[in-house]
Amino acid sequence: MIKRVNAYFSLVSLALIAVHVIYELFAYITMYYNPVLSALVSYIPATIIVTHAIISIICVIFLNDSIKILYKSMNRETVLQRVSAFLMVILLPVHIVSYNLLESSAGSVGYIVTEIAQVIFYMSLYTHIAVSVSKAFVTLGFLDDDRRRKRIDVFAMIICGIMFIITTVIILTSHGKMF
């Protein structure tokens, strides 16, 4: 039951992240910044994501998913899912205040470090999405065919790879214009 609830949180997170990314990329490209709208499309997804993370931690610790951590034969997707989630949790506070960090550190080493942190954050985000989407569909019972699951995995990897490239290019080129 708790895994199903968490799968719903993950899919809602995905939809809200899409809205957030689209708005923020629009803001970077057009140099339009609305603090109220930015906060709205930022803090709602962040709240859902933190809830998803807490439920995921509960699943790993209390629902015998922690036993899988010890297995050397743990599959690549599970390792990527957990490592990317860990990196996102660590980098989310930096991501949330990145605009202020970039503005206050323009031309310094802090600026470069913030840019690198942003790229790693987005790499972690898109990796986590790519390896997790089909797992959520399986958990919810929407997907039971292994061939379809593999196709969804490939599609998710392609879309997330493209989004990572687009996001990275826009952020790195736009920040130079902004500061």
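Two rings of Phe, Tyr or Trp count as a pair if their centres lie within 6.5 Å. Keep that in mind as you open this predicted model, and let's start with the rings.

**Stop 1: the aromatic rings**

Select Phe121, Tyr122 and Tyr126, and show their side chains. These residues make up one aromatic cluster. By the pairing rule, the count comes to four aromatic pairs. One pair to look at is Phe137 and Phe142: the ring centres are 6.4 Å apart and the planes sit at 50 degrees, so this pair is tilted. A pair of aromatic rings is described by the distance of the centres and the angle of the planes, so try turning your view until you can see both.

While you are there, switch on the surface. Are Phe137 and Phe142 buried, exposed or something in between? Phe137 counts as partly exposed, because its relative accessibility is 24% and the partly exposed range runs from 20% to 50%. Phe142 also counts as partly exposed, at 48% relative accessibility.

**Stop 2: the second largest pocket**

Rolling a probe the size of a water molecule over the atoms shows where empty space is left. Now go to the second largest pocket, with a volume of about 310 Å³. Select Leu14, Ile129, Ile159, Cys160 and Met163: of the 14 lining residues, these lie nearest the pocket's centre.

Which helices supply at least two residues each to this lining? Colour helix H1 (2–30), H6 and helix H7 (146–178), and you have them. The largest share comes from H7, with six residues. What kind of residues are in the lining? It has 14 nonpolar residues, no polar ones and no charged ones.

**Stop 3: the cysteines**

Stay with Cys160 for a moment. This residue is buried, with a relative accessible area of 9%. Next, pick Cys59, which counts as buried at 5% relative accessibility. If you search for disulfides, you will find zero in the structure.

**Stop 4: Thr114 in H6**

Click on Thr114, found in helix H6 (residues 109–139). Thr114 has a relative accessible area of 7%, so it is buried. What does Thr114 touch, beyond its neighbours within four places in sequence? Select Ser98, Leu101 and Leu102 to see those contacts.

**Stop 5: from H2 across to H1**

Jump to Ile49, whose place is in helix H2 (residues 35–62). Ile49 counts as partly exposed, at 24% relative accessibility. Leaving aside neighbours within four places in sequence, Ile49 is in contact with Ser13 and Ile17. Then draw a distance line to Leu14, one of the pocket residues from Stop 2. Ile49 and Leu14 are 35 residues apart along the chain, and their C-alpha atoms are separated by 9.0 Å.

**Stop 6: Ala18 and His20 in H1**

Finish in helix H1, where Ala18 is found. Ala18 counts as partly exposed, with 36% relative accessibility. Draw a line from Ala18 to Val41: the two are 23 residues apart in sequence and 9.7 Å apart in space, C-alpha to C-alpha.

Val41 comes up again when you select His20, also placed in helix H1. Beyond the neighbours within four places in sequence, His20 is in contact with Val41, Ser42, Pro45 and His95. Is His20 buried or exposed? His20 counts as buried, because its relative accessibility is 12% and the cut-off for buried is under 20%. For a last distance line, go from His20 to Ser124: they are 104 residues apart along the chain, with 16 Å between their C-alpha atoms.

Note on methods: Residues are numbered from 1 along each chain as its sequence is written. This is a predicted model: local features need pLDDT of at least 70, side-chain atom pairs count only at pLDDT 80 or more; totals for chains, interfaces and linings use all residues. Side-chain values use heavy atoms; hydrogens and water are left out. Helices (H or I, at least four residues) and strands (E, at least two) are DSSP runs, numbered from the N terminus. Buried means under 20% relative accessible area, exposed over 50%, partly exposed in between (1.4 Å probe, protein chains only). Contact means heavy atoms within 4.5 Å. On a 1 Å grid over the protein atoms alone, a cavity is a set of points where a 1.4 Å probe fits but cannot get out, and a pocket is an open set with protein on both sides within 12 Å along at least five of seven lines; lining residues have an atom within 4 Å of a point. Grid points are joined across faces, edges and corners, and a volume is the space filled by probe spheres set on the points. Ala, Val, Leu, Ile, Met, Phe, Trp, Tyr, Cys and Pro count as nonpolar, Asp, Glu, Lys and Arg as charged, and the others, Gly among them, as polar. Rings of Phe, Tyr and Trp (its six-membered ring) pair if their centres lie within 6.5 Å; planes under 30 degrees apart count as stacked, over 60 as edge-to-face and the rest as tilted. A disulfide is a pair of cysteine sulfur atoms within 2.5 Å.
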